[in-house]
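Work through the exercises below with the model open. Try each task before reading its solution.

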Amino acid sequence: MKHYLSPIARDLPPSGIRKFFDLVSTMKNVISLGVGEPDFVTPWTVRESGIFSLEQGQTMYTSNSGLIELRQELSYFMAKEMGFEYDPQSEILITVGASEAVDLAMRALLGPGDVALIPDPAYVSYAPCAQLAGAEVKYIPTHAEEGFRLRLPDLEKAYTPNSKLLILSYPNNPTGAIMTREDYLPIARFVEEHDLIVISDEIYSDLTYEGKHTPFASLPGMRDRTLHISGFSKAYAMTGWRIGYAAGHHDIIQAMTRIHQYTMLCASITAQFAALEALRSAGKAKAEMVTTYNRRRRIMVNGFRKMGLSCFEPLGAFYVFPSIEATGLSSEEFAEQLLHEEKVAVVPGTAFGPSGEGHIRCSYAYSTEKLQEALKRIEHFVQKRINK
């Protein structure tokens, strides 16, 4: 039946994360550091709000754009916390997770002949979504010695006349890197000079451990050039609710909404009421989770350095991205052999792009006890290779 398939869909590679964890699901007693999902449950006030909405009979469609109350609350939140404002009536769209927002944005903005610029390593869905929209992808390498930050010379080198879109994702998955305002300013000037549009996926913005997160849309001249994407999955432990949003210029949001109305129609009303409550009452619970992640972050960085591996200190998100070059193994070899020998699952760095070679990604959204046991097993595995 393959000859019936679209060539793009037929040739699309499986996710480098899910492909590897299909193997994990067949094994017993594995400690998995692979999936980027909080080990916390959704704060109880948020759960109660979802339950109450069901008890009140709120089981119908919302508008395609989402509940106006939620869009208004998001507009207020962005103005207060991020320094920019979007009209809740025409410039905010509620989506089925931030992932749908990324897909809608790519389809609304890209077409055949366009080039999407993606700093590398990057989250696994960006390149496939751009390719499904018919565009080409150009990776921009980032480096551990520069904090995995996007640098202007690398952007200039990757740029082509057909470049239309720059995708930013800071704090970054998989590296945990952040970009400061000073880091962003030359990038913003380049974006304006070359008439680019930016998709800024800031799903991990609340998980910033040093300094204050800088939203790209808050930079001079970047509000209308930026599509700000975020959601509730990570900071509020709401992965299963599948609720996210996009905010940007009304022309882009309206184009995304037209695609959304023919595919998803609208996000779950229950999840929308829960998200509204999260913005109103879950700030303390969110802060407590961030404090816990910060402690775990230090445990992981110190653990990898202690075993002799170079490990960039992540300043955001909940991942570490240590170098495994000292073992002499490729990323794929390291992950596969570690899984079979020590029953610890990590993600090969190459799942996130070419610059991920020589690294692995480990999530620390797990209990301290589980992380410490995993580090002990990894150290046993690493020492055998280094001592050789």
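The exercises cover a sheet, a helix pair and one loop residue.

The model is predicted: local features need pLDDT of at least 70, side-chain atom pairs count only at pLDDT 80 or more, and totals for chains, interfaces and linings use all residues. Residues are numbered from 1 along each chain as its sequence is written, and side-chain values use heavy atoms, with hydrogens and water left out.

**Exercise 1. Lay out the sheet and find its edges.**

Step 1. Take helices (H or I, at least four residues) and strands (E, at least two) as DSSP runs, numbered from the N terminus. Two strands pair if DSSP finds at least two bridges between them.

Step 2. Write down the order: E2-E8-E7-E6-E5-E3-E4, an open sheet of 7 strands with mixed pairing.

Step 3. Read off the ends. E2 (92–95) and E4 (136–141) each have a single partner strand, so one side of each lacks a neighbour in the sheet.

Step 4. Add the twist. Neighbouring strands are turned by 20° against each other on average, direction ignored.

**Exercise 2. Trace the pairing from E4 to E6.**

Step 1. Start at the edge. E3 (residues 115–120) runs parallel to E4, joined by 6 bridges. Val115 faces Glu136 of E4.

Step 2. Cross to E5. Here 3 bridges join E3 and E5, again parallel. Leu117 stands opposite Leu166.

Step 3. Go on to E6 (residues 197–201). E5 and E6 pair in parallel over 4 bridges. Leu165 has Ile197 as its bridge partner.

Step 4. Check burial in E5 (residues 163–168). Buried means under 20% relative accessible area (1.4 Å probe, protein chains only). 5 of the 6 residues qualify, so E5 is largely enclosed by the rest of the structure.

**Exercise 3. Characterise the packing of H4 on H10.**

Step 1. Fit axes as lines to C-alpha atoms over the stretch in contact, with angles from 0 to 180 degrees between N-to-C directions. The axes of H4 (residues 68–81) and H10 (residues 269–281) come within 9 Å and cross at roughly 30°.

Step 2. Classify. Angles under 35 degrees count as roughly parallel, and H4 and H10 are therefore roughly parallel.

Step 3. List contacts (heavy atoms within 4.5 Å). Glu69, Leu70, Glu73, Leu74 and Phe77 in H4 meet Gln272, Ala275, Leu276, Leu279 and Arg280 in H10.

**Exercise 4. Is Ala133 buried or exposed, and what does Ala133 touch?**

Step 1. Locate Ala133 in the loop between H6 (126–132) and E4.

Step 2. Ala133 is buried, at 14% relative accessible area.

Step 3. Leaving out residues up to four places away in sequence, Ala133 touches Met106, Arg107, Leu110, Gly111 and Pro112.

Note on methods:
Parallel < 35°, antiparallel > 145°, perpendicular 65-115°, else oblique. Buried < 20%, exposed > 50% of the residue type's maximum accessible area, 1.4 Å probe, protein only.
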